[in-house]
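Here are my notes on the model you sent round. Please read them with the coordinates open.

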Amino acid sequence: MKNKQLACKAIVITGLALALAACGGGGGGGGGGGGGNQTPTPPQPDSTKSVGVACEGCSAQSPTQFTPTGKIGVWEFDASASQSTETVSVDIDGFNGQQVTLLLTNTADREIGIPESLGLLVRPAGDTAQSLQSYRAPIKAHNQTPSSISEFNTRDWKKFIPTPDALKTQRQTIQALNTRPIPSLGSTKTWKDCRSVYAELCGTDVDRNTTLMAQQATTSGITVNVWVQNDEIGPGKVSLQMAENLATAYASQNGIYDAMVDFKGPPWGTHDQPGILIPDSGMIDIVLLNLTPDNTPYGLVGYFFGANNYSTQILPTSNEAVAVFLDTESLHLVSNGLSFIKSALVHEATHMRNFYQRVVVNQDTEFPLWLEEFTALAAEDILSDRLDPTFNTLTEYSLPYFIALNNQSCNFKRFEFTPTMCDPYATNATLAGFLVRQLGVPFYKALLNASTGNAETAMNAAIKSVAPASDLNDQLIKFSRTMAALAEPSSFPHGMGMPSLLSSDGYSVPGIDLSRFREFVPPSNARPPTIAPNSSVFYHAGETQGKFAKKVQVPAGLRFSVIAH
């Protein structure tokens, strides 16, 4: 990542602040006059609570003492089960210039308000949109997939799988498809770039004439074809070397295909819906088209559309192929385009594999969009070292974007773009990167192989399969603290940070020095009206000498953390 280039854009955006308030002194006692036999009002008991140590082997030596050990210190107060706002006293001594950060985390599935009276900082006026554009575009590459595709892949496919009774009737008129023959290099084919199951919504300009430029077999004998739009072939555009490189990335031993099978199973195979779904031809197609012809990279970088796995007798817009589509301009108009498109290929290949495994193999399993995208983003991260050790979309784009823009009360389960500019791809990619590094690839495999369609149940079961004492809420707390601290790798206590996985089920995942990304933290904060579910807000209280003392109003339902780093 061109960190220096990004830094020089002087990112100044709306961040978030923790709701803080110094508690006032006790109220005055009653007046001095009155009858001499008036019974004095007894003093009210002090209801102030205290924080407790929330890390092991760290610099939080006690609820009131910080002792530098080389690790950060973490204290907390849990108000998640409280019925009303709690007054929490923070009184910690021993600081010698350490940064203190105060954090609120909402693990509930409801928004929790922050009273305006809590005195939050306000960001200076100014338009931040332009300063974000230098690295916003690559993130937008992932998030312009039409809703018609994502909704079909995750939910609407059910509308086109007949019931057993209906299927008996339909089989009288629907003919089973023959297996498609394997083409030879140089063959031509017309592909439909239609992103709807309804032909009337596709328009007339959907046909793309392509040539088969590369072909390679996987170790299990699956033929991988790379087709390129004819007018995108040539000098300064898509070269033969690019096409062959993509074929190798997908088909070679321990490449993308082998990893997909290892994680969950093949992307297509046998089924009991002849004439409804296409047969297993033993082929995977990678189709390179100019998806957004504007002489600009990104936009729509790629997609997998499950409708192409149906017979045209059911869905006339189908290409009758197990295929992913990738953008040619995002490949040849930027210097790291090949690495970027390889990562996008992993992403779409995950959707392709998930579709078969959920629609055909396990028809009772349905993941919501946030978890479906989570699995694809995690796969990009896990396979980055295998495909290109110098390139990782998490560190290149998602992580700095999350810190600069998304670290502002963004619910990772709400996969849409909000008025506060939450980016669900950056949010889920960063959370996925944390969980994979903390829990390993076995966690990821357990998640993919979940037998339930309930996302929370599946996620909790996958976490507990490798960390029995943990769950999603516990990991969300640790993730929030990690992203608020942005410390050096050696400074994080157990359970925090993004350490490397040198060998996890045969995969190596690079560690991330989060301190490199401090430059993307917003320089000022503004109070959000609420804290979104499954998210956090934090406030950097500044460098501290000696004692840090503060009384904090913690709204019911939240977890409050103090982090010294």
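**Notes on the predicted model**

1. **The open sheet.** Six strands make up an open sheet of mixed pairing, in the order 9-10-11-12-14-13. Its edges are strand 9 (188-192) and strand 13, each of which pairs on one side only. Keep in mind throughout that this is a predicted model.

2. **Inside that sheet.** Strand 11 (residues 223-229) runs parallel to strand 12 (residues 283-289), and six bridges join the two. Here Val224 faces Ile284 of strand 12.

3. **The chain overall.** The chain has 14 helices and 20 strands. Of its 565 residues, 57% are buried. Take the contacts between residues at least 6 apart in sequence: 78% of them join residues at least 24 apart. The exposed area comes to about 22800 Å², with 49% of it supplied by carbon and sulfur atoms.

4. **Strand 7 and its burial.** How much of strand 7 is buried? The count is 15 of its 21 residues, so the strand is largely enclosed by the rest of the structure. Strand 7 spans residues 86-106. It deserves a careful look, partner by partner.

5. **Partners of strand 7.** Strands of a sheet pair through backbone hydrogen bonds, either parallel or antiparallel. With strand 2 (residues 49-50), strand 7 pairs in the parallel sense over two bridges. Ser50 is set opposite Ser89 of strand 7 there. With strand 19 (residues 535-554), the pairing is antiparallel and covers 18 bridges. In that pairing Gln98 stands opposite Thr544 of strand 19. Strand 20 (residues 559-564) also runs antiparallel to strand 7, through six bridges.

6. **Thr101.** Is Thr101 buried or exposed? Its relative accessibility is 0%, so Thr101 counts as buried. This residue sits in strand 7, and its bridge partner in strand 20 is Ile563. The Thr101 side chain makes two polar contacts worth checking. One is with the side chain of His540, at 2.6 Å. Another is with the side chain of His565, at 2.9 Å. Beyond four places in sequence, Thr101 touches residues including Ala484, Phe538, Tyr539, Ala541, Ser561 and Val562.

7. **Gly94.** Gly94 also belongs to strand 7. Unlike a buried position, Gly94 has 25% relative accessibility and therefore counts as partly exposed. Its C-alpha atom is 5.0 Å from that of Phe66, although the two residues are 28 apart along the chain. Sequence neighbours within four places aside, Gly94 contacts Gln65, Phe66, Pro68 and Gly546.

8. **Helix 3.** Which residues of helix 3 (residues 147-154) are buried? They are Ile149, Ser150, Phe152, Asn153 and Thr154. These buried residues pack against strand 13 (302-303), helix 8 (337-361) and helix 9 (369-387). Strand 13 is also an edge strand of the open sheet in point 1. Phe152 has a further role in the ring packing: ring pairs link Phe152, Phe304, Phe305, Tyr310 and Phe355 into a cluster.

9. **Aromatic pairs.** The structure holds 20 aromatic pairs. One of them joins Phe263 and Tyr444 edge-to-face, at 5.0 Å centre to centre and 85 degrees between the planes. This pair links distant parts of the chain: Phe263 is in helix 6 (residues 256-263) and Tyr444 in helix 12 (residues 441-448), 181 residues apart. Both residues, Phe263 and Tyr444, are buried.

10. **A pair over a shorter span.** Phe415 and Tyr425 are also edge-to-face, with 4.8 Å between centres and 80 degrees between the planes. Phe415 lies in the loop between helix 10 (393-406) and helix 11 (424-439), and Tyr425 lies in helix 11, so the pair ties together parts 10 residues apart in sequence. Phe415 and Tyr425 are both buried.

11. **A charge over a ring.** The charged end of Lys189 sits over the ring of Trp191, 4.7 Å from the ring centre. Please view this pair alongside strand 9 (188-192), an edge strand of the open sheet.

Technical notes: Residues are numbered from 1 along each chain as its sequence is written. This is a predicted model: local features need pLDDT of at least 70, side-chain atom pairs count only at pLDDT 80 or more; totals for chains, interfaces and linings use all residues. Side-chain values use heavy atoms; hydrogens and water are left out. Helices (H or I, at least four residues) and strands (E, at least two) are DSSP runs, numbered from the N terminus. Buried means under 20% relative accessible area, exposed over 50%, partly exposed in between (1.4 Å probe, protein chains only). A polar contact is a pair of N or O atoms within 3.5 Å; within protein, one must be able to donate a hydrogen and the other to accept it, and residues adjacent in sequence count only if both atoms are side-chain atoms. Contact means heavy atoms within 4.5 Å. Accessible areas come from the Shrake-Rupley method with a 1.4 Å probe; for residues, only the protein chains shown count as cover. Rings of Phe, Tyr and Trp (its six-membered ring) pair if their centres lie within 6.5 Å; planes under 30 degrees apart count as stacked, over 60 as edge-to-face and the rest as tilted. A charge sits over a ring if NZ of Lys or CZ of Arg is within 6 Å of the ring centre and within 35 degrees of the ring normal. Two strands pair if DSSP finds at least two bridges between them.
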